[in-house]
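Biologist: Please take a close look at the salt bridges of this model, saying which partners they join and how well covered those partners are, and then set them beside the other side-chain groupings and the backbone details.

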Amino acid sequence: MILHRFSRQFPNPKLHSAIPNRFLSSSIQSSSSKLKEEYCFKPPDNLSKNPKPNDYETPKFSRKQKPLYKPPSTLDTTKILHSDLPFDFRFSYTESSPDVRPIGLREPKYSPFGPSRIDRVWTGVCAPVVDLTVKSVDDGNEGGANLEERRKKLRQDVLGKPLSDAERKILVDKCQRIRTKRQINLGRDGFTHNMLNDIHNNWKTCEAVRIRCLGVPTVDMKNVCNQLEDKTSGKIIYRHGGLLVLYRGRHYKPKERHVVPVMLWRPHEPIYPRLIKSTIDGLTIDETKEMRKRGLSVPALAKLVKNGYYGNLVPMVRDAFLTEEMVRIDCKGLGKSDYKKIGFKLRDLVPCILVTLKKEQIVVSKRENYTPPEPGEVVNDDNSFDYLVGGSSHFVEEDSNSSNDYQNFSSDDELLSPDSKLLAPPIG
């Protein structure tokens, strides 16, 4: 009896735990078997002997880790681009000429398009469309002869039927500064290769794009207009000074345009022959020094402003040669490369002899057999582009600062631009 009381006060844990567990397991089995047999009852998983371990855990959503950044490498194999454009790729189409051949290169022939990105070979100056390493003579002649025909046919197919005066007026009106902010700026580098992509990207959503030209390329606006129409296969429908409107054509399709590879960096300019020689042809060293000294003391014809419009400079020099032997142009504030290019353009366009470029001055002299051009020839240079809309005075708005591009030291009547009267608004 004492032992029984003691066992009730201090029960055996093992015995106490074994008896209920055995009793519970037998009761569970008996109840589950009866329920399963009579009522087809299936016990839940928490009462089963081996519950699934993942049933009671909260689901974990694993995020995909971002791949580590891998810098671009030249060793990675990239797809070689092929372009069907029928002209040589150059950095600038207006400031470089295929007729002037360089005498050397400033760097190895690294392609500015990137290593093995296009199927054209970079020669240090351009990427020619015709392969220079031709296996046979016949293949090279056929490729070079068909370039001009392909270029003309491509442009005619895109342009289609010419625009009427009403259609041209609507397009020019849409390109006004008060209606759209779309504008492509053409600066000191001229019409560059990457500007082709900018023009085609604007043509995706609009039929015409406004282009503003400033700086050195505006000395020869005829060359700028020719290169724009030739390389883009478009049509200039309006021109007022350095402001152009370039039309894409009736049959232009943005999804079917040619591939234009992008230049990744600006290539170094090659080495060209000296622009000014030690002596002028036909003169001795002393006579050349005396001529240059006398040219720097001549009154300045005009003072050029940085990033201005110089379209009237060539007519001004031609008019000045009617009475003067030498002309000086003040270029203070301009970069050295800028007034060098201006002097080179004046030498070929006027034409004249380039005397000196010292002290930021351009001094040019009249040639012995110089014959001034007839008035009709000067006007025809601008009339070759039908930029007027039906002879009307419909203008695209231009900034007021662009009119004062140079200070004139001569009379306004002599140096009036040949197209200024045509572009003047009607009186009254």
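What follows begins with the salt bridges and then moves to the aromatic rings, the surface and the backbone.

Modeller: The model is predicted, so local features are given for pLDDT of at least 70 and side-chain atom pairs for pLDDT 80 or more, while totals for chains, interfaces and linings use all residues. Residues are numbered from 1 along each chain as its sequence is written, and side-chain values use heavy atoms, leaving out hydrogens and water.

A search of the whole structure finds 12 salt bridges, a salt bridge being a side-chain nitrogen of Lys or Arg within 4 Å of a carboxyl oxygen of Asp or Glu. One of them joins Asp230 to Arg151, with 3.0 Å between the closest N and O atoms. This pair links distant parts of the chain, since Asp230 belongs to helix 6 (residues 221-232) and Arg151 to helix 3 (residues 137-159), 79 residues apart; helices (H or I, at least four residues) and strands (E, at least two) are DSSP runs numbered from the N terminus. Arg151 counts as buried because its relative accessibility is 17%, whereas Asp230, at 23%, counts as partly exposed. Here buried means under 20% relative accessible area, exposed over 50%, and partly exposed in between, with a 1.4 Å probe and protein chains only.

A salt bridge also forms between Arg155 and Glu229, whose closest N and O atoms are 3.4 Å apart. This pair again links distant parts of the chain, with Arg155 in helix 3 and Glu229 in helix 6, 74 residues apart. Glu229 is buried, with a relative accessible area of 10%, and Arg155 is partly exposed at 23%.

Elsewhere, the side chains of Lys366 and Glu325 meet in a salt bridge at 3.8 Å, N to O. The two residues are 41 apart in sequence and link distant parts of the chain, Lys366 lying in the loop between strand 8 and helix 10 (375-383), and Glu325 in the loop between helix 8 and strand 6 (326-330). Salt bridges that share partners also join Glu148, Arg151, Asp230 and Lys231 into one network.

Turning to the rings, the whole structure holds 6 aromatic pairs; rings of Phe, Tyr and Trp (its six-membered ring) pair if their centres lie within 6.5 Å, and planes under 30 degrees apart count as stacked, over 60 as edge-to-face and the rest as tilted. Phe87 and Phe89 form an edge-to-face pair, 6.0 Å centre to centre with 70 degrees between the planes, and both residues are buried. Phe113 and Trp122 are likewise edge-to-face, at 6.4 Å and 75 degrees, and both are buried. These four residues belong to one aromatic cluster, which also includes Tyr93 and Phe191.

On the surface, Tyr110, Val262, Leu264 and Trp265 make a nonpolar patch of about 400 Å². Patches are made of residues with over 30% relative accessible area and no salt bridge, like charges being joined within 9 Å and nonpolar side chains (Val, Leu, Ile, Met, Phe, Trp, Tyr) within 5 Å. Val262 is found in the loop between strand 4 (243-247) and helix 7 (285-296), and is partly exposed, with a relative accessible area of 37%. A patch of positive charge gathers Arg106, Arg274, Lys336 and Lys340, where Lys and Arg count as positive. Lys340 has its place in helix 9 (residues 336-349) and is partly exposed at 39%.

Backbone details remain. Most residues other than glycine have a negative phi, and most peptide bonds are trans. The peptide bond from Val350 to Pro351 is cis, with omega near -10 degrees, and Pro351 lies in the loop between helix 9 and strand 7 (353-356). Asn307 has a positive phi, near 55 degrees; this residue lies in the loop between strand 5 (300-304) and helix 8 (313-320) and is partly exposed, with a relative accessible area of 44%. Phi of Lys359 is also positive, near 55 degrees, and Lys359, in the loop between strand 7 and strand 8 (361-365), counts as exposed because its relative accessible area is 65%.

Key: Accessible areas come from the Shrake-Rupley method with a 1.4 Å probe; for residues, only the protein chains shown count as cover. The place of a charge is taken as NZ of Lys, CZ of Arg, CG of Asp or CD of Glu.
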